[in-house]
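Open your viewer, pick a cartoon representation and keep the selection box at hand. We will go from the overall fold down to single side chains, one stop at a time.

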Amino acid sequence: PTRRSSDLLQRRREAALLLASSEARLRAVLAVMADGVVVLGPDGNAQSWNAAAERILGETHCRELGLPGSGGTGTCIGEDGVALGTSQHPARCALEQGLSVDRAIVGLRRADGELLWLRMSSRPLVGVLGQAGQAVAVSFSDITALRRADESLRLAQTPAAKVLIVN
């Protein structure tokens, strides 16, 4: 081999090592995150997710994320309790309109009937050649316990407020 081809091979090896190192670091970061992260493809189906997403949603719901039109069994509702239309889901906004959505409150009614509340953000991912609509990153945290506590507090305060008004 010529010196030029040896240099080229060495640079390729170094680039491959840097890429492998970067991928390992990203996998480690995703593994320690408390928030769920799901990457959806252009068809709206999950391509990958982290351990937190599976812990929060379960594998079946990671695959569908309650995304309207993806054939999922979950139903998403807005903070007001009304079912989200296809274009209102944060992931669909990112996928189809190229819009980023931050900290939307989404209720996911799972197939078993349980209502799970999520704080969800989504970002369109741009392809290697700069093309949009290739994938969407969705991050979310489970706020079900917080919502239940807020509702309990609201209900506990309601009778006290009525007593004060009557007296």
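How many helices and how many strands are there in the protein chain? Colour by secondary structure and you will find five helices and six strands. Keep in mind along the way that this is a predicted model.

**Stop 1: the whole chain**

Follow the cartoon from the N terminus, and the elements come in the order α-β-β-α-α-β-α-β-β-β-α. Now switch on a surface. The accessible surface of the protein chain is about 10,400 Å², and carbon and sulfur atoms account for 57% of that. Of the 167 residues, 33% count as buried. If you like contact maps, here is a number to go with yours: among contacts between residues at least 6 apart in sequence, 46% join residues at least 24 apart.

**Stop 2: the strands around β6**

Select residues 135–142, which form strand β6. Add residues 36–40, strand β1: five bridges join β1 to β6, and the two run antiparallel. Next add residues 115–125, strand β5, which is also antiparallel to β6 and is joined to β6 by eight bridges.

Which residue of β6 is the bridge partner of Gly36? Show Phe140 as sticks, since Phe140 is that partner. Then show Met120, which stands opposite Phe140 as well.

**Stop 3: the nonpolar cores**

Keep Phe140 on screen and add Leu40, Leu57, Leu118 and Val138. These five have the most contacts inside the largest nonpolar core, a set of 23 residues. Its members are drawn from several elements: β1, α2 (51–57), α4, β4 (101–109), β5 and β6 each supply at least two. Another core lies apart from this one; it has five residues, among them Ile77, Ile105, Leu115 and Ile143. As background, nonpolar side chains in soluble globular proteins tend to be buried together.

**Stop 4: salt bridges**

Turn to the charged side chains. The chain has five salt bridges, and we will visit some of them.

Begin in helix α1 (residues 3–32) with Arg3 and Asp7, which sit four residues apart, about one turn of the helix. Their side chains meet in a salt bridge at 3.9 Å, N to O. Arg3 is exposed at 69% relative accessible area, while Asp7 is partly exposed at 35%.

Now go to helix α4 and select Arg92 and Glu96. Their salt bridge has an N to O distance of 3.3 Å. This pair is also four residues apart, so about one helical turn separates the two. Is Arg92 buried or exposed? With a relative accessibility of 6%, Arg92 counts as buried, because the cut-off for that label is under 20%. Glu96, in contrast, is partly exposed at 49%.

The next pair is Glu79 and Arg147, whose closest N and O atoms are 3.5 Å apart in a salt bridge. This one links distant parts of the chain: Glu79 is in the loop between β3 (75–77) and α4 (90–97), Arg147 is in helix α5 (residues 144–166), and their positions lie 68 residues apart in the numbering. Glu79 is exposed, with 51% relative accessible area; Arg147 is partly exposed at 23%.

**Stop 5: a histidine in the loop**

Stay in the loop between β3 and α4 and select His89. His89 is buried, with a relative accessible area of 0%. What does its side chain reach? Draw a distance to the backbone nitrogen of Ala91, and the value is 3.0 Å.

**Stop 6: a positive phi in β4**

Select Arg103 in strand β4 and check its backbone torsions. Its phi is near 55°, a positive value in a residue other than glycine. Most residues other than glycine have a negative phi. Arg103 is exposed, with a relative accessible area of 56%.

**Stop 7: back to helix α1**

Finish with Ala31 in helix α1. At 51% relative accessibility, Ala31 counts as exposed. Add Trp49 and draw a line between the two C-alpha atoms: the distance is 9.8 Å, for residues 18 apart in sequence.

Technical notes
Residues are numbered from 1 along each chain as its sequence is written. This is a predicted model: local features need pLDDT of at least 70, side-chain atom pairs count only at pLDDT 80 or more; totals for chains, interfaces and linings use all residues. Side-chain values use heavy atoms; hydrogens and water are left out. Two strands pair if DSSP finds at least two bridges between them. A salt bridge is a side-chain nitrogen of Lys or Arg within 4 Å of a carboxyl oxygen of Asp or Glu. Buried means under 20% relative accessible area, exposed over 50%, partly exposed in between (1.4 Å probe, protein chains only). Contact means heavy atoms within 4.5 Å. Accessible areas come from the Shrake-Rupley method with a 1.4 Å probe; for residues, only the protein chains shown count as cover. A polar contact is a pair of N or O atoms within 3.5 Å; within protein, one must be able to donate a hydrogen and the other to accept it, and residues adjacent in sequence count only if both atoms are side-chain atoms. A nonpolar core is a set of buried Ala, Val, Leu, Ile, Met, Phe, Trp, Tyr and Cys residues joined through side-chain atoms within 4.5 Å.
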